[in-house]
Amino acid sequence: FAVLKAGGTVVNYNPLYAKREMARQIEDSETAIMVTLDLRQIYRKVAPMLEETALEKIVVCPMGDILPMLKSVLFTVFKRSKVAGIPSDSRHSTFAELTACAGKAEPASIDPEKDIAVLQYTGGTTGKPKGAMLTHANLAANALQVRRWFHSAEAKGVKVGGMEAGGMEEGAERILGALPLFHVFAMTMVMNLGIAGGALLILLPRFQIKQVLAAINDKRPTLFPGVPTIYTAVNTSPDLDKYDLSSIKYCISGGAPLPIEVKRTFEDLTGCVLVEGYGLSEASPVVACNPIDGPDKEGSIGLPMPGTIIQIRDMEDPRKVLGAGEKGEVCVSGPQVMAGYWKRPGATAQDTVDGYLRTGDVGYMDEDGYVFLIDRMKDLILCGGYNVYPRAVEEAVHLHPAVEEVTVIGVADDYRGQAPKAFIKLRQGKSLTPEELLEFLKDKLSPIEMPDHIEFRKKLPKTMIGKLSKKELAAEEGGK
């Protein structure tokens with residue numbers, strides 16, 4: 001927020017990036033200053049960037065300084081080997097040096113509608129990551145839209161631009177942040193929403209199920225944003241009866257499709273409302289969500305956010321708007337939609353039509369305006385001239401009580417071009433054979449949708465925020 005107030009642009013970095021990924025993003029974004037920790041694991045990747053890229057300066061924040069006193073002392077004594085030695089030169093600054101000032105900076109001149117607040121890089125699943133240009137207005141609008149959605153949260157009126165914003169009274173709501181804040185979902189749903197609403201933020205360094213359950217039991221959060229795998233982990237935890245989860249009022253699931261069985265089980269166990277939402281980096285990110293106290297249609301991503309228009313457009317002719325029940329590409333317009341891709345006017349033009357953002361997702365809208373996603377256009381399996389949607393196969397497989405996680409991709413098939421392959425992680429102590437699963441699926445999938453290949457694994461690849469990732473599996477299959 002200091003960077004934004006000074007008129008700068010924030011570029012979020014994943015600390016687990018390989019050096020080449022970090023270098024590529026620094027060069028593409030023209031990052032000038034990197035703020036990081038003095039942890040050896042992270043700093044040793046950042047330091048070479050001063051020589052290998054156009055990076056000008058590194059601000060180093062000591063890990064020990066952000067810990068409570070006792071933990072800080074213990075960290076200094078027992079974790080000394082994990083701390084990097086930082087050079088004393090003009091290209092490095094400590095956080096203490098950075099803040100050793102009167103704090104009376106000259107206010108920067110900012111045009112919220114045009115000036116870029118954040119460059120949020122997309123996952124790069126269809127090529128090199130692109131920087132979505134999110135303006136100050138984009139981020140403010142999305143935070144306000146989500147606050148309005150959680151209208152029954154304990155509120156204290158706040159004026160935003162002369163408009164009554166509504167929101168959460170200081171301390172009345174508590175948000176559990178188990179997702180990394182560099183990811184756009186957590187940036188808005190944990191950090192921006194929490195600060196805009198005056199909520200107390202309970203931040204965890206990473207997702208560990210026992211730590212999450214203990215935090216819910218001890219810190220009593222009321223809002224718990226997450227991805228489906230997080231709620232699955234709660235549902236399947238063997239120690240669940242040791243913790244009181246009754247403080248949670250609302251959970252919003254994003255990042256990936258929420259299996260219906262996961263939703264039902266989680267709500268039964270906690271008594272809270274778990275709604276599925278939808279968003280993407282290019283929209284700051286929240287686009288739609290199921291109502292927290294209205295009709296919650298299972299399998300739907302819900303209704304558009306306030307001020308947001310969703311249209312379903314023909315996949316072959318994106319200028320043609322389709323009617324209720326017709327399947328096509330989900331296109332979005334609203335105040336949270338990005339200004340475009342950084343330095344990529346061609347990509348920006350390709351992903352917009354008539355002022356609407358083309359999401360690349362296939363779905364339909366029912367008569368009530370609820371949107372249902374079928375799948376990603378790029379994940380579509382072209383099977384003997386038929387379209388097979390991995391999500392439909394995954395939903396069916398997930399109904400089996402022995403299945404904990406499943407992801408489906410298309411693999412090469414000599415006869416049909418492509419065929420579905422299911423990768424499955426079983427619940428602890430459960431067993432299942434491919435033959436048993438196929439028998440179970442007989443009345444749930446059409447013959448063309450039945451997985452031709454089934455592979456059981458001890459774990460499935462996930463992204464940094466914990467959603468199941470198809471990219472690694474597709475690369476494996478492509479290499480065979």
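**Cavities, a hairpin and a buried helix face**

About 60 Å³ of space lies in the largest cavity of this predicted model, and a search of the whole structure finds 2 cavities of 30 Å³ or more. The lining of the largest cavity includes Leu258, Ile260, Lys263, Leu274, Val275 and Glu276. Helix H11 (260-270) and strand S12 (273-279) each supply at least two of its lining residues, and S12 gives the most, with 3. Sorted by class, the lining of the largest cavity holds 5 charged, 4 nonpolar and 3 polar residues.

The second largest cavity encloses about 30 Å³. Here the lining consists of Thr232, Asn235, Glu261, Val262, Thr265, His398 and Arg427. Helix H11 appears again, giving the most to this lining with 3 residues, while helix H10 (228-235) also supplies at least two. By class, 4 of the residues lining the second largest cavity are polar, 2 are charged and 1 is nonpolar.

Turning to the strands, S19 (residues 371-376) is largely enclosed by the rest of the structure, because 5 of its 6 residues are buried. Strand S18 (residues 356-365) pairs with S19 in the antiparallel sense over 5 bridges, and Val362 has Asp375 of S19 as its bridge partner. Between the two strands of this hairpin are 5 residues, and Gly369 in the hairpin takes a positive phi near 90°.

Helix H2 (residues 19-29) offers another place to look inside. Its buried residues are Met22, Ala23, Gln25, Ile26, Asp28 and Ser29. Among the elements covering them are strands S1 (10-11), S2 (33-37) and S5 (116-121), along with helices H3 (40-46) and H4 (49-52). After H2 comes Glu30, with a positive phi near 65°.

How values were computed:
Residues are numbered from 1 along each chain as its sequence is written. This is a predicted model: local features need pLDDT of at least 70, side-chain atom pairs count only at pLDDT 80 or more; totals for chains, interfaces and linings use all residues. Side-chain values use heavy atoms; hydrogens and water are left out. Buried means under 20% relative accessible area, exposed over 50%, partly exposed in between (1.4 Å probe, protein chains only). Helices (H or I, at least four residues) and strands (E, at least two) are DSSP runs, numbered from the N terminus. Contact means heavy atoms within 4.5 Å. Two strands pair if DSSP finds at least two bridges between them. On a 1 Å grid over the protein atoms alone, a cavity is a set of points where a 1.4 Å probe fits but cannot get out, and a pocket is an open set with protein on both sides within 12 Å along at least five of seven lines; lining residues have an atom within 4 Å of a point. Grid points are joined across faces, edges and corners, and a volume is the space filled by probe spheres set on the points. Ala, Val, Leu, Ile, Met, Phe, Trp, Tyr, Cys and Pro count as nonpolar, Asp, Glu, Lys and Arg as charged, and the others, Gly among them, as polar.
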